[in-house]
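The following exercises examine a single protein model with its ligand. Each task is followed by a solution in steps.

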Amino acid sequence: MTVCAPPRSPWHGETARLVAVEDEAPGVATYRFACGAPFPFAPGQFNMVHLPGIGAAAISISSDPDAATVAHTVRAVGNVTHALARLRPGAGVLLRGPWGTPWPLDALGGSDVVIVAGGVGLASLRAAIVALGRRRDDFGTLRLLVGGRTPADLLYPRDCAAWREAGIDVRTIVDRPDDGWQGPVGLVTDLVADLDLDPRRTSLLCCGPEPMMQAVAAACLARGIPSTAIFLSLERNMACAAGLCGLCQFGPAFVCRDGPVFRHDRIGPFLAVSHL
Ligand SMILES: Cc1cc2nc3c(=O)[nH]c(=O)nc-3n(C[C@H](O)[C@H](O)[C@H](O)COP(=O)(O)OP(=O)(O)OC[C@H]3O[C@@H](n4cnc5c(N)ncnc54)[C@H](O)[C@@H]3O)c2cc1C
Ligand code: FES
(Lines give C-alpha, C1' and ligand atoms only; values in the text may rest on other atoms or scores of the structure.)
(Ligands and ions follow the chains in the order given, each with its own letter.)
Protein backbone atom coordinates (compact mmCIF):
# COMPACT_ATOMS: atom_id res chain seq x y z
CA MET A 1 0.00 0.00 0.00
CA THR A 2 1.51 3.33 -1.04
CA VAL A 3 1.63 6.05 1.59
CA CYS A 4 0.15 9.11 -0.12
CA ALA A 5 1.80 12.43 0.67
CA PRO A 6 0.50 15.90 -0.07
CA PRO A 7 1.75 16.78 -3.55
CA ARG A 8 2.72 20.41 -2.86
CA SER A 9 3.69 22.54 0.10
CA PRO A 10 2.45 21.14 3.46
CA TRP A 11 0.34 24.30 3.75
CA HIS A 12 -1.45 23.77 0.45
CA GLY A 13 -5.14 22.94 0.83
CA GLU A 14 -7.25 21.46 -1.95
CA THR A 15 -10.50 23.35 -2.50
CA ALA A 16 -13.38 20.92 -2.04
CA ARG A 17 -17.13 21.35 -2.39
CA LEU A 18 -19.59 19.64 -0.07
CA VAL A 19 -21.84 17.50 -2.26
CA ALA A 20 -23.77 15.40 0.29
CA VAL A 21 -24.35 14.98 4.01
CA GLU A 22 -25.54 11.67 5.44
CA ASP A 23 -26.67 11.46 9.07
CA GLU A 24 -25.04 8.45 10.72
CA ALA A 25 -25.90 8.71 14.43
CA PRO A 26 -26.90 11.43 16.90
CA GLY A 27 -24.31 14.20 16.39
CA VAL A 28 -22.42 12.24 13.72
CA ALA A 29 -22.63 12.71 9.95
CA THR A 30 -20.65 11.78 6.85
CA TYR A 31 -19.71 14.71 4.62
CA ARG A 32 -18.88 13.93 0.97
CA PHE A 33 -16.64 16.38 -0.87
CA ALA A 34 -15.80 16.74 -4.56
CA CYS A 35 -12.27 18.01 -5.17
CA GLY A 36 -12.34 18.51 -8.94
CA ALA A 37 -9.39 16.10 -9.30
CA PRO A 38 -8.57 12.63 -7.94
CA PHE A 39 -7.64 12.66 -4.24
CA PRO A 40 -5.52 9.52 -3.69
CA PHE A 41 -5.06 8.33 -0.12
CA ALA A 42 -4.33 5.10 1.75
CA PRO A 43 -6.80 3.69 4.32
CA GLY A 44 -6.02 5.11 7.76
CA GLN A 45 -4.72 8.47 6.53
CA PHE A 46 -6.39 11.74 7.53
CA ASN A 47 -6.95 15.27 6.26
CA MET A 48 -6.80 18.59 8.03
CA VAL A 49 -10.28 19.91 7.25
CA HIS A 50 -10.10 23.72 7.14
CA LEU A 51 -13.12 25.95 7.47
CA PRO A 52 -11.72 29.37 6.56
CA GLY A 53 -12.27 31.91 9.34
CA ILE A 54 -13.05 29.20 11.88
CA GLY A 55 -10.20 26.71 12.11
CA ALA A 56 -9.09 23.22 11.18
CA ALA A 57 -9.45 19.72 12.61
CA ALA A 58 -7.73 16.42 11.83
CA ILE A 59 -10.31 14.00 10.43
CA SER A 60 -9.80 10.46 9.08
CA ILE A 61 -10.75 9.82 5.47
CA SER A 62 -13.69 7.43 5.62
CA SER A 63 -14.44 6.98 1.90
CA ASP A 64 -13.87 4.02 -0.38
CA PRO A 65 -10.33 4.61 -1.74
CA ASP A 66 -11.71 4.11 -5.27
CA ALA A 67 -14.61 6.56 -4.90
CA ALA A 68 -14.75 9.81 -6.86
CA THR A 69 -15.56 11.84 -3.74
CA VAL A 70 -13.69 12.18 -0.41
CA ALA A 71 -15.74 11.45 2.73
CA HIS A 72 -15.24 12.40 6.36
CA THR A 73 -17.41 11.03 9.17
CA VAL A 74 -17.43 13.56 11.99
CA ARG A 75 -18.81 13.83 15.51
CA ALA A 76 -19.69 17.45 16.30
CA VAL A 77 -17.78 18.24 19.51
CA GLY A 78 -16.27 21.72 19.14
CA ASN A 79 -15.68 24.80 16.99
CA VAL A 80 -14.74 23.26 13.68
CA THR A 81 -16.90 20.18 13.84
CA HIS A 82 -20.04 22.14 14.88
CA ALA A 83 -19.37 24.61 12.04
CA LEU A 84 -19.02 21.67 9.65
CA ALA A 85 -22.39 20.38 10.83
CA ARG A 86 -23.96 23.72 9.82
CA LEU A 87 -22.66 23.53 6.21
CA ARG A 88 -25.07 22.73 3.41
CA PRO A 89 -24.27 21.09 0.04
CA GLY A 90 -22.50 23.56 -2.24
CA ALA A 91 -20.35 25.02 0.58
CA GLY A 92 -16.57 25.06 0.15
CA VAL A 93 -13.81 23.87 2.51
CA LEU A 94 -10.06 23.26 2.19
CA LEU A 95 -8.73 19.72 2.57
CA ARG A 96 -5.04 19.62 3.48
CA GLY A 97 -3.62 16.14 3.18
CA PRO A 98 -3.60 13.22 3.08
CA TRP A 99 -1.36 12.83 6.12
CA GLY A 100 -0.04 10.04 8.27
CA THR A 101 0.75 6.36 8.27
CA PRO A 102 -1.92 4.03 6.88
CA TRP A 103 -3.13 0.67 8.17
CA PRO A 104 -0.46 -1.89 7.06
CA LEU A 105 -2.80 -3.92 4.84
CA ASP A 106 -0.11 -5.33 2.53
CA ALA A 107 1.88 -6.68 5.48
CA LEU A 108 -1.21 -8.55 6.75
CA GLY A 109 -1.53 -10.79 3.67
CA GLY A 110 -2.23 -14.40 4.64
CA SER A 111 -3.06 -13.63 8.26
CA ASP A 112 -6.37 -13.60 10.13
CA VAL A 113 -7.36 -10.00 10.79
CA VAL A 114 -9.40 -8.78 13.74
CA ILE A 115 -10.62 -5.18 13.43
CA VAL A 116 -11.95 -3.52 16.56
CA ALA A 117 -13.70 -0.15 16.48
CA GLY A 118 -15.30 1.98 19.14
CA GLY A 119 -17.72 4.79 18.29
CA VAL A 120 -16.55 7.13 15.53
CA GLY A 121 -13.23 5.19 15.44
CA LEU A 122 -14.88 3.01 12.79
CA ALA A 123 -14.46 5.98 10.39
CA SER A 124 -10.68 5.52 10.35
CA LEU A 125 -11.11 1.82 9.56
CA ARG A 126 -13.89 2.04 6.95
CA ALA A 127 -11.58 2.42 3.92
CA ALA A 128 -9.40 -0.43 5.21
CA ILE A 129 -12.42 -2.72 5.59
CA VAL A 130 -13.53 -1.92 2.03
CA ALA A 131 -10.00 -2.65 0.74
CA LEU A 132 -9.73 -5.91 2.74
CA GLY A 133 -13.17 -7.02 1.47
CA ARG A 134 -12.06 -6.45 -2.13
CA ARG A 135 -8.98 -8.61 -1.52
CA ARG A 136 -10.88 -11.18 0.56
CA ASP A 137 -8.92 -14.14 -0.83
CA ASP A 138 -5.57 -12.65 0.28
CA PHE A 139 -6.44 -13.03 3.97
CA GLY A 140 -7.58 -15.69 6.41
CA THR A 141 -10.61 -14.90 8.57
CA LEU A 142 -11.68 -11.24 8.64
CA ARG A 143 -13.57 -10.19 11.76
CA LEU A 144 -14.96 -6.77 12.64
CA LEU A 145 -16.00 -6.06 16.23
CA VAL A 146 -17.85 -2.78 16.74
CA GLY A 147 -18.86 -1.22 20.05
CA GLY A 148 -21.26 1.67 20.51
CA ARG A 149 -22.94 3.39 23.44
CA THR A 150 -26.46 2.65 22.13
CA PRO A 151 -27.82 0.89 19.01
CA ALA A 152 -28.39 4.35 17.44
CA ASP A 153 -24.67 5.13 17.87
CA LEU A 154 -23.52 2.19 15.72
CA LEU A 155 -22.20 3.64 12.46
CA TYR A 156 -22.66 2.41 8.89
CA PRO A 157 -25.39 -0.27 9.33
CA ARG A 158 -25.77 -0.61 5.53
CA ASP A 159 -22.01 -1.04 5.09
CA CYS A 160 -21.97 -3.66 7.85
CA ALA A 161 -24.58 -5.66 5.91
CA ALA A 162 -22.48 -5.37 2.72
CA TRP A 163 -19.31 -6.35 4.59
CA ARG A 164 -21.07 -9.46 5.94
CA GLU A 165 -21.98 -10.36 2.35
CA ALA A 166 -18.31 -9.86 1.38
CA GLY A 167 -17.36 -12.59 3.88
CA ILE A 168 -16.43 -10.46 6.90
CA ASP A 169 -17.70 -11.68 10.28
CA VAL A 170 -19.23 -8.47 11.70
CA ARG A 171 -20.27 -8.41 15.37
CA THR A 172 -21.72 -5.46 17.28
CA ILE A 173 -22.19 -4.74 20.97
CA VAL A 174 -23.70 -1.82 22.91
CA ASP A 175 -23.43 -0.65 26.52
CA ARG A 176 -27.00 0.68 26.66
CA PRO A 177 -29.54 -1.42 24.72
CA ASP A 178 -32.93 -0.13 23.63
CA ASP A 179 -36.13 -2.20 23.51
CA GLY A 180 -35.42 -3.51 20.00
CA TRP A 181 -31.81 -4.56 20.60
CA GLN A 182 -31.27 -8.31 20.38
CA GLY A 183 -27.48 -8.39 20.30
CA PRO A 184 -24.97 -8.60 23.14
CA VAL A 185 -24.70 -5.91 25.82
CA GLY A 186 -21.34 -4.85 27.22
CA LEU A 187 -17.98 -3.55 26.04
CA VAL A 188 -16.23 -4.37 22.79
CA THR A 189 -13.50 -6.09 24.83
CA ASP A 190 -16.16 -8.71 25.72
CA LEU A 191 -16.34 -9.60 22.01
CA VAL A 192 -12.54 -9.98 21.90
CA ALA A 193 -12.69 -12.36 24.87
CA ASP A 194 -15.28 -14.50 23.01
CA LEU A 195 -13.23 -14.86 19.80
CA ASP A 196 -11.92 -18.21 18.75
CA LEU A 197 -8.51 -17.21 17.35
CA ASP A 198 -5.04 -18.51 16.61
CA PRO A 199 -2.69 -15.90 18.10
CA ARG A 200 0.20 -17.00 15.87
CA ARG A 201 -1.60 -15.92 12.72
CA THR A 202 -3.80 -13.08 13.95
CA SER A 203 -3.26 -9.32 13.54
CA LEU A 204 -5.31 -6.58 15.20
CA LEU A 205 -6.32 -3.18 13.81
CA CYS A 206 -7.99 -0.97 16.41
CA CYS A 207 -9.35 2.58 16.58
CA GLY A 208 -11.52 4.21 19.22
CA PRO A 209 -11.24 6.00 22.56
CA GLU A 210 -7.77 5.49 24.02
CA PRO A 211 -8.89 3.59 27.18
CA MET A 212 -10.82 1.20 24.92
CA MET A 213 -7.74 0.66 22.70
CA GLN A 214 -5.58 0.01 25.76
CA ALA A 215 -8.10 -2.56 27.02
CA VAL A 216 -8.38 -4.24 23.61
CA ALA A 217 -4.59 -4.36 23.19
CA ALA A 218 -4.22 -5.82 26.69
CA ALA A 219 -6.90 -8.45 25.94
CA CYS A 220 -5.15 -9.40 22.69
CA LEU A 221 -1.72 -9.58 24.34
CA ALA A 222 -3.29 -11.81 27.02
CA ARG A 223 -4.62 -14.06 24.23
CA GLY A 224 -1.02 -14.40 22.94
CA ILE A 225 -1.13 -12.01 19.96
CA PRO A 226 2.34 -10.42 19.79
CA SER A 227 2.78 -6.67 20.26
CA THR A 228 4.23 -6.53 16.73
CA ALA A 229 0.88 -7.70 15.26
CA ILE A 230 -1.22 -5.06 17.05
CA PHE A 231 -1.87 -1.70 15.34
CA LEU A 232 -3.62 1.25 16.99
CA SER A 233 -4.63 4.62 15.55
CA LEU A 234 -4.04 7.47 18.02
CA GLU A 235 -5.71 10.88 18.22
CA ARG A 236 -3.98 14.04 19.43
CA ASN A 237 -4.78 17.69 18.86
CA MET A 238 -3.02 18.80 15.70
CA ALA A 239 -2.13 22.06 13.98
CA CYS A 240 0.44 21.61 11.19
CA ALA A 241 0.03 17.83 10.62
CA ALA A 242 3.48 17.97 9.00
CA GLY A 243 5.78 17.20 11.95
CA LEU A 244 6.68 20.88 12.36
CA CYS A 245 4.83 22.38 15.35
CA GLY A 246 5.14 19.63 17.97
CA LEU A 247 1.52 19.94 19.17
CA CYS A 248 0.82 16.25 18.63
CA GLN A 249 3.94 14.94 20.41
CA PHE A 250 3.41 11.55 22.06
CA GLY A 251 6.54 10.35 23.87
CA PRO A 252 9.31 10.30 21.25
CA ALA A 253 6.85 10.37 18.33
CA PHE A 254 4.74 12.94 16.55
CA VAL A 255 1.30 11.43 15.93
CA CYS A 256 0.82 13.35 12.64
CA ARG A 257 4.14 12.27 11.15
CA ASP A 258 4.92 8.90 12.78
CA GLY A 259 1.24 7.87 13.15
CA PRO A 260 -1.67 8.02 13.54
CA VAL A 261 -1.38 4.25 12.99
CA PHE A 262 1.33 2.84 15.29
CA ARG A 263 2.51 -0.68 15.92
CA HIS A 264 1.86 -1.45 19.58
CA ASP A 265 5.47 -2.34 20.44
CA ARG A 266 6.44 1.25 19.53
CA ILE A 267 3.90 3.07 21.69
CA GLY A 268 2.69 0.52 24.26
CA PRO A 269 4.86 1.84 27.14
CA PHE A 270 3.65 5.42 26.61
CA LEU A 271 -0.05 4.51 26.53
CA ALA A 272 0.06 3.94 30.27
CA VAL A 273 1.39 7.45 30.96
CA SER A 274 -1.55 9.77 31.69
CA HIS A 275 -1.74 13.17 29.93
CA LEU A 276 1.07 12.30 27.51
C1 LIG B 1 -5.58 11.48 13.17
C2 LIG B 1 -6.92 11.93 13.68
C3 LIG B 1 -8.07 11.48 13.07
C4 LIG B 1 -9.32 11.89 13.53
N5 LIG B 1 -10.42 11.44 12.88
C6 LIG B 1 -11.63 11.87 13.28
C7 LIG B 1 -12.79 11.43 12.58
O8 LIG B 1 -12.71 10.69 11.61
N9 LIG B 1 -13.99 11.89 13.02
C10 LIG B 1 -14.10 12.74 14.11
O11 LIG B 1 -15.24 13.12 14.46
N12 LIG B 1 -13.01 13.15 14.80
C13 LIG B 1 -11.79 12.74 14.41
N14 LIG B 1 -10.67 13.18 15.08
C15 LIG B 1 -10.86 14.04 16.27
C16 LIG B 1 -10.98 15.52 15.87
O17 LIG B 1 -9.77 15.97 15.29
C18 LIG B 1 -11.28 16.30 17.15
O19 LIG B 1 -12.55 15.95 17.61
C20 LIG B 1 -11.16 17.80 16.92
O21 LIG B 1 -10.51 18.39 18.01
C22 LIG B 1 -12.49 18.48 16.75
O23 LIG B 1 -12.21 19.85 16.47
P24 LIG B 1 -13.16 20.99 16.99
O25 LIG B 1 -12.51 22.30 16.63
O26 LIG B 1 -14.54 20.77 16.49
O27 LIG B 1 -13.20 20.75 18.54
P28 LIG B 1 -12.34 21.53 19.66
O29 LIG B 1 -12.88 22.93 19.75
O30 LIG B 1 -10.89 21.34 19.39
O31 LIG B 1 -12.73 20.70 20.94
C32 LIG B 1 -13.88 21.01 21.68
C33 LIG B 1 -14.04 20.11 22.87
O34 LIG B 1 -14.32 18.77 22.45
C35 LIG B 1 -13.46 17.86 23.10
N36 LIG B 1 -13.16 16.81 22.17
C37 LIG B 1 -12.17 16.81 21.25
N38 LIG B 1 -12.19 15.67 20.56
C39 LIG B 1 -13.23 14.93 21.06
C40 LIG B 1 -13.76 13.66 20.75
N41 LIG B 1 -13.20 12.90 19.80
N42 LIG B 1 -14.84 13.22 21.45
C43 LIG B 1 -15.39 13.99 22.42
N44 LIG B 1 -14.92 15.21 22.76
C45 LIG B 1 -13.85 15.66 22.08
C46 LIG B 1 -12.23 18.65 23.47
O47 LIG B 1 -11.62 18.10 24.64
C48 LIG B 1 -12.80 20.02 23.75
O49 LIG B 1 -13.25 20.14 25.07
C50 LIG B 1 -9.42 12.76 14.64
C51 LIG B 1 -8.25 13.21 15.28
C52 LIG B 1 -7.01 12.79 14.81
C53 LIG B 1 -5.77 13.29 15.47
S1 FES C 1 0.54 18.56 14.39
FE2 FES C 1 2.33 19.77 14.23
S3 FES C 1 3.91 18.29 14.68
FE4 FES C 1 2.09 17.10 14.57
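What is the length of the polar contact that joins the side chains of Glu22 and Arg32? The solution begins after a note on conventions. This is a predicted model, in which local features need pLDDT of at least 70 and side-chain atom pairs count only at pLDDT 80 or more, while totals for chains, interfaces and linings use all residues. Residues are numbered from 1 along each chain as its sequence is written, chains are lettered from A and ligands numbered from 1 in the order in which they are written, and side-chain values use heavy atoms, with hydrogens and water left out.

**Exercise 1. Glu22 and Arg32**

Solution.
- Step 1: The polar contact between the two side chains, Glu22 and Arg32, spans 2.8 Å. A polar contact is a pair of N or O atoms within 3.5 Å; within protein, one must be able to donate a hydrogen and the other to accept it, and residues adjacent in sequence count only if both atoms are side-chain atoms.
- Step 2: Glu22 belongs to strand 1 (residues 14-25). Helices (H or I, at least four residues) and strands (E, at least two) are DSSP runs, numbered from the N terminus.
- Step 3: Glu22 and Arg32 are 10 residues apart along the chain, and 8.3 Å separates their C-alpha atoms.
- Step 4: With neighbours within four places in sequence left aside, Glu22 contacts Ala29, Thr30 and Arg32; contact means heavy atoms within 4.5 Å.
- Step 5: Glu22 has a relative accessible area of 24% and is partly exposed. The classes are buried (under 20% relative accessible area), exposed (over 50%) and partly exposed (in between), with a 1.4 Å probe and protein chains only.

**Exercise 2. Two serines in loops**

Task: Identify which backbone atoms the side chains of Ser63 and Ser111 approach.

Solution.
- Step 1: Ser63 occupies the loop between strand 4 (55-60) and strand 5 (70-75), and its side chain comes to 2.9 Å from the backbone nitrogen of Ala71.
- Step 2: Ser63 is buried at a relative accessible area of 2%. Beyond its neighbours within four places in sequence, its contacts include Arg32, Phe41 and Ala127.
- Step 3: Ser111 sits in the loop between strand 6 (92-99) and strand 7 (112-118). A polar atom of its side chain is 2.6 Å from the backbone oxygen of Leu108.
- Step 4: Ser111 is also buried, with a relative accessible area of 12%.

**Exercise 3. The nonpolar cores**

Task: Describe the largest nonpolar core and the element that gives the most to it.

Solution.
- Step 1: A nonpolar core is a set of buried Ala, Val, Leu, Ile, Met, Phe, Trp, Tyr and Cys residues joined through side-chain atoms within 4.5 Å.
- Step 2: The largest such core has 35 residues, and those with the most contacts inside it include Val116, Leu145 and Val188. Helix 5 (residues 210-222) gives the most to this core, namely five residues.
- Step 3: Not counting residues up to four places away in sequence, Leu145 touches Val116, Arg171 and Val188, among others.
- Step 4: A second, separate core of 33 residues includes Tyr156 and Cys207.

**Exercise 4. Cysteines**

Why is Cys160 not bonded to Cys207?

Solution.
- Step 1: A disulfide is a pair of cysteine sulfur atoms within 2.5 Å; the whole structure has zero disulfides.
- Step 2: The closest cysteine sulfur to that of Cys160 is in Cys207, and a bond is excluded because the distance of 15 Å is too far.
- Step 3: Cys220 is in no disulfide either, the nearest cysteine sulfur being that of Cys206 at 7.7 Å.
- Step 4: Cys160 is buried at 6% relative accessibility, and Cys220 is buried at 2%.

**Exercise 5. Backbone geometry**

Task: Locate the cis peptide bonds at Pro98 and Pro260, and the positive phi of Tyr156.

Solution.
- Step 1: Most residues other than glycine have a negative phi, and most peptide bonds are trans.
- Step 2: The bond joining Gly97 and Pro98 is cis, with omega about 0°; Pro98 lies in strand 6.
- Step 3: The bond from Gly259 to Pro260 is cis, with omega near 10°.
- Step 4: Tyr156 has a positive phi near 55° and is buried, with a relative accessible area of 2%.
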